[in-house]
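I opened this model to look up a few contacts, one helix and the overall build. My entries follow in the order I made them.

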Amino acid sequence: MGLIQRVIEQAGIATIGISIVREYSEQVKPPRTVFLRWPFGHPLGEPHHQAQQRQVMRDCLDKLYTIATPGTIVDLPYIWRRHDFRKET
Amino acid sequence: MITLSRLKNQLLARAATRFPILARKFTDSYTPRASAGRVPWAPPAVPLAQATLALITTAGIHHRQQPPFDMSDSDGDPSYRELDSATLFDDFVITHDYYNHSSADKDPNIILPLDRLKELVDEQILGSSARTHYSFMGHIDGPHIDTLIHHTAVEVAHKLRAQNVDIALLTPG
């Protein structure tokens, strides 16, 4: 996925990617990444958990506009099935 | 008819989702192509409230009537599918044997957050959504990596530019 991200950024479009295998992102070096230690197949979280999906989406957009160093990986603090997303806005 | 090798891949993918230690073994056994040199960089050209966003996923989702990704090639399939944001969730399939997509089959927003995207546009937090988003099957190896980075991903980048997309979110499977 990171290879595709690099090609799109190269074309002049700002990109952010979600990673669930940090080691891959460290190797491939996409421009901007948020990392979640979540299971495969769940980059935005659990089915029908709208608050959780929304929070990940908001974090992605926030990091897209605030990461200033190419290749940055931001570790999001959410522990799988342990974080109460109702507290977020 | 599903082949034995496809069945094996699907069972391994299910096990890796249920038991994180197995996922660890799987990821440790694969080395992605490392990138050297300068990391591409394009700052967002417009504020978020004016930006057009496209989603690109490697989770293998596509419209049911589109050809499925080729799961018989162990090096994967570097092609892509165009996704119509207005109709995709009415009738979609996920063709990808290398992760357990039973959760995404129930709610595809966890791999391609189209509904969350629409909400952010309705709330005027985000400018707009691209009409067309793009899907790959993210298990690509061997000679298909060059096809991906020199041909199919470049084609998608050009199509994003043609749609006046400003920013893109990429999601894995």
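I started at A:I13. Outside its sequence neighbours up to four places away, A:I13 touches A:I8 in its own chain. It also touches B:A42, B:A157, B:L160, B:V165, B:D166, B:I167 and B:A168. I count a contact when two C-beta atoms, placed from the backbone, lie within 7 Å.

A note on the source: this is a predicted model, where local features need pLDDT of at least 70, side-chain atom pairs count only at pLDDT 80 or more, and totals for chains, interfaces and linings use all residues. Residues are numbered from 1 along each chain as its sequence is written, while chains are lettered from A and ligands numbered from 1 in the order in which they are written.

Next I looked up the largest nonpolar core. It has 60 residues. Those with the most contacts inside it are A:I4, A:I8, A:I13, A:C60, B:I56 and B:A168. Such a core is a set of buried Ala, Val, Leu, Ile, Met, Phe, Trp, Tyr and Cys residues joined through C-beta atoms within 7 Å. Buried means 20 or more other C-beta atoms within 10 Å of the residue's own; exposed means 12 or fewer, and partly exposed lies in between.

A:C60 led me to helix 3 of chain A, where A:C60 is among the buried residues. The helix (residues 50-66) has 17 residues and spans 24 Å from first C-alpha to last, close to the 24 Å expected. The expected span is 1.5 Å times one less than the number of residues. Helices (H or I, at least four residues) and strands (E, at least two) are DSSP runs, numbered from the N terminus.

What do the buried residues of helix 3 of chain A pack against? I found strand 1 (14-19) and strand 2 (32-35) of chain A, plus helix 4 (114-122) and strand 7 (167-171) of chain B.

Then chain A as a whole. Its pattern along the sequence is α-β-α-β-α-β. Buried residues make up 49% of its 89 residues. Its C-alpha atoms fill a box of roughly 35 × 25 × 20 Å along the principal axes.

Last, B:G138. I placed it in the loop between strand 6 (132-136) and helix 5 (144-162) of chain B. B:G138 counts as buried because 23 other C-beta atoms lie within 10 Å. Beyond four places in sequence, its contacts are A:M1, B:T58, B:A59, B:P172 and B:G173.

For confidence, I noted an ipTM of 0.96 and a pTM of 0.92 for the complex.
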